[in-house]
Amino acid sequence: MEKHNHYLASPNRRRILQFGAALGGAAATASFVTVEALAADTAKVNMQLGWLASNGIIGEVVAKRMGYYEEEGIELEVTPGGPGVDGVASVAAGRAEIGQLSSSPSLMLARSAGIPIKAFAAGFQKHPFTYFSLENNAIRSPQDMIGKTIATQPTAVILLRALLAKNGIAEDQVEVVKMGSDMNQVMTGQAAAVTGWMTNTNALRVLGNDRVDMMLWDAGIQLYANVYYTTDDMLAKHSDVLTRFLTGSARGWSEARKNPEAGVDHLVAEYKNLSRESELEAVGPVLGFSFNDTTATNGWAAMNPANWQAQIDTYAELKQFKGETPTVDDVMTTEILEATESLRKQIG
């Protein structure tokens, strides 16, 4: 699932983009939901994607096509976006009521910049951002990076800095070079590792069977991906719409998990530009990041306040917040999760 995020051109917004939005060239689809009618019975919802539609919304596609949103009083329309779409600005300005960021730091940095948005659910329990190497020069732990060249996307350099700091490695012990979205630098020996999302199976094919994976999460930087967020105002005035939307989404993701092949069929029927073969290969990793031991206990889309606090602490230590350092209550709420707890735990 290749993703990109774009923000307004103010210095603070550029900094949000630089340090939080894109977890490498394979990161960062932003999407948002526009509620056109907030009547008690039906809410017409437009889900505007910041990039091309992909397997990251397979649960939403299934929910739409199987009538789950309709049963919840949500009329959902999905509008694909492009590189010029600013999802955070649309949500903050009230042009969209619900958003989905690829990576949780984007939201923390936005909140620090004074943008009144807050996370209410996490689609991926583990972030798919990964360092990929080959067996002949494997990077299996952060310590294996010492003395090596690591290629990463410009927007993901901060993640490497966080990883090194977390593991007590001085930045001058690792040479960092920039890369785009392809993996060629590790194949040619220019770098010991390259970075991307584990769900981007097409890009990973070039690495073959000798691929070695070290996930950012497993190296100590535990971010959320596909974070659902909204404004403080929306939470205060229209929590019922958020609850109904998340209920429909949860049911769609549950169905996709029970029958992944049928889920892929729904996805490629909705978006005919997608390859069924590629999506069948990717659906396993996508579902693996959506459902794990955490969801088995706390339900699909759960979030842990302690995890958010650890992320805030890491970014504060690296002096990434130009405004005030946000609190956990600033960046996330469990209100909608609590309202949907019974269903989410059944499908976790």
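**Exercise 1. Find the residue of β9 that is the bridge partner of F129, then work out how the sheet is put together.**

Step 1. Keep in mind that this is a predicted model. Look across from F129 to β9, and you'll land on W197 as its bridge partner.

Step 2. Now widen the view to the two strands. β6 covers residues 129-134, and four bridges join it to β9, with the two running antiparallel.

Step 3. Try the other neighbour of β6. Five bridges join β6 to β10, again antiparallel, and in β10 it's D213 that partners F132.

Step 4. Put the pieces in order: the three strands make an open sheet, β9-β6-β10. β9 and β10 (211-215) each have a single partner strand, so they stand at the edges with one side lacking a neighbour in the sheet. From one strand to the next, the twist averages 35°.

Step 5. Check the faces of β9 (residues 194-197). V194 and G196 lie on one side, T195 and W197 on the other, and all are buried, so both faces are covered.

**Exercise 2. Describe how helices α2 and α11 meet.**

Step 1. Start with the geometry. The axes of α2 (residues 58-65) and α11 (residues 260-270) come within 9 Å and cross at roughly 85°.

Step 2. Turn the angle into a word. Angles of 65 to 115 degrees count as roughly perpendicular, and that is therefore the label for α2 and α11.

Step 3. List who touches whom. α2 brings I58, V61, V62, K64 and R65, while α11 brings G263, V264, H266, L267, A269 and E270. Sorted by type, the residues of this contact are six nonpolar, two polar and three charged.

**Exercise 3. Which residues touch the most other members of the largest nonpolar core?**

Step 1. This core has 104 residues, and the ones to pick out are Y131, M145, L163, W300 and W308. Helix α10 (residues 239-258) gives the most to the core, with seven residues.

Step 2. Zoom in on L163. Skipping its neighbours within four places in sequence, L163 is in contact with Y131, P142, M145, M214, L216, A219 and I221.

**Exercise 4. A301 and K319 are not glycines, yet each has a positive phi. Is each one buried or exposed?**

Step 1. Take A301, with phi near 75°. A301 sits in the loop between α13 (293-298) and α14 (305-317), and its relative accessible area of 0% makes it buried.

Step 2. Take K319, with phi of about 60°. K319 is in the loop between α14 and α15 (328-331), and at 63% relative accessible area it's exposed.

Methods
Residues are numbered from 1 along each chain as its sequence is written. This is a predicted model: local features need pLDDT of at least 70, side-chain atom pairs count only at pLDDT 80 or more; totals for chains, interfaces and linings use all residues. Side-chain values use heavy atoms; hydrogens and water are left out. Axes are lines fitted to C-alpha atoms, for helices over the stretch in contact, and angles run from 0 to 180 degrees between N-to-C directions. Angles under 35 degrees count as roughly parallel, over 145 as roughly antiparallel, 65 to 115 as roughly perpendicular and the rest as oblique. Contact means heavy atoms within 4.5 Å. Ala, Val, Leu, Ile, Met, Phe, Trp, Tyr, Cys and Pro count as nonpolar, Asp, Glu, Lys and Arg as charged, and the others, Gly among them, as polar. Buried means under 20% relative accessible area, exposed over 50%, partly exposed in between (1.4 Å probe, protein chains only). Two strands pair if DSSP finds at least two bridges between them. A nonpolar core is a set of buried Ala, Val, Leu, Ile, Met, Phe, Trp, Tyr and Cys residues joined through side-chain atoms within 4.5 Å.
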